[in-house]
Amino acid sequence: MLLYQSPRQTIGTYQRGAVACAKCQSPIYLRKLAAVAEEFSVNCPRCGHRKVYAAQMINIETLPERRRKPRR
Ligand SMILES: [Zn+2]
């Protein structure tokens with residue numbers, strides 16, 4: 001694991017936002033954080049429940065970029 005990052009190099013981490021589905025509590029991940037308005041509606045990928053969420057409900061995580069590993 002790298003213990004330092006170049007300040008100019010932002011590639012290597014990404015931000016992920018998630019809200020919990022009001023119905024089944026499964027996380028709904030949001031990719032376009034910059035495009036999120038104060039309120040937005042999303043469909044739960046698991047149960048399909050659609051709800052309007054407030055932007056302040058988003059939990060933003062900063063994660064290291066992962067390379068996809070082939071799964072079997
Ligand atoms: Zn759900």
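Start with the hairpin of S3 and S4: 6 residues sit between its strands, and Gly 48 there takes a positive phi near 80°. This is a predicted model, so read every value here as computed from it. The two strands of the hairpin, S3 and S4, run antiparallel and share 5 bridges. Two of the pairings can be named: Asn 43 has Arg 50 of S4 as its bridge partner, while Glu 39 stands opposite Ala 54 in S4.

S3 also shows an alternating pattern of side chains. Phe 40 and Val 42 point to one face and are buried, whereas Glu 39, Ser 41 and Asn 43 point to the other face and are not.

**The zinc site**

What holds the zinc ion? Its protein donors are the SG atoms of Cys 21, Cys 24, Cys 44 and Cys 47, lying 2.3 Å from the ion. Angles among the 4 donor atoms run from 105 to 115°, and the site is tetrahedral. For comparison, the ideal angle for four tetrahedral donors is 109.5 degrees. Along the chain, the donors follow the spacing C-x2-C-x19-C-x2-C. Cys 21 belongs to the loop between strand S1 (13-20) and strand S2 (27-30), and Cys 44 to the loop between strand S3 (39-43) and strand S4 (50-54), so this pair ties together parts that are 23 residues apart in sequence.

Are Cys 21 and Cys 44 buried or exposed? Cys 21 is buried at a relative accessible area of 0%, and Cys 44 is buried as well, at 3%. Ser 26 makes a handy companion to them: it is found in the loop between S1 and S2, and it counts as buried because its relative accessibility is 4%. Here are the values side by side.

| Residue | Relative accessible area |
|---|---|
| Cys 21 | 0% |
| Cys 44 | 3% |
| Ser 26 | 4% |

Leaving out residues up to four places away in sequence, Ser 26 touches Val 19, Ala 20, Cys 21, Cys 44 and Arg 46. Two zinc donors, Cys 21 and Cys 44, are therefore among the residues that Ser 26 touches, as well as being buried themselves.

**The core**

Which residues make up the largest nonpolar core? It has 9: Val 19, Cys 21, Ile 28, Leu 30, Phe 40, Val 42, Cys 44, Tyr 53 and Ile 58. S2 and S3 each supply at least two residues of this core. Phe 40 and Val 42, the buried face of S3, are on the list, and so are the zinc donors Cys 21 and Cys 44.

Ile 28 is a good residue to click on. Setting aside neighbours within four places in sequence, its contacts are Gly 17, Ala 18, Val 19, Cys 21, Val 42, Asn 43, Cys 44, Pro 45 and Tyr 53.

**The whole chain**

Zooming out, the protein chain has 0 helices and 5 strands, giving the pattern β-β-β-β-β along the sequence. Of its 72 residues, 19% count as buried. Among contacts with a separation of 6 or more, 42% come from residues 24 or more positions apart. The accessible surface comes to about 6,700 Å², and carbon and sulfur atoms account for 50% of it.

Note on methods:
Residues are numbered from 1 along each chain as its sequence is written. This is a predicted model: local features need pLDDT of at least 70, side-chain atom pairs count only at pLDDT 80 or more; totals for chains, interfaces and linings use all residues. Side-chain values use heavy atoms; hydrogens and water are left out. Donors are N, O and S atoms within 2.8 Å of the metal (3.2 Å for Na, K and Ca); water is not among the atoms, so sites may look incomplete. Four donors count as tetrahedral if all angles lie between 85 and 135 degrees; four count as square planar and six as octahedral if opposite donors are over 155 degrees apart and all others between 65 and 115; anything else is irregular. Helices (H or I, at least four residues) and strands (E, at least two) are DSSP runs, numbered from the N terminus. Buried means under 20% relative accessible area, exposed over 50%, partly exposed in between (1.4 Å probe, protein chains only). Two strands pair if DSSP finds at least two bridges between them. A nonpolar core is a set of buried Ala, Val, Leu, Ile, Met, Phe, Trp, Tyr and Cys residues joined through side-chain atoms within 4.5 Å. Contact means heavy atoms within 4.5 Å. Accessible areas come from the Shrake-Rupley method with a 1.4 Å probe; for residues, only the protein chains shown count as cover.
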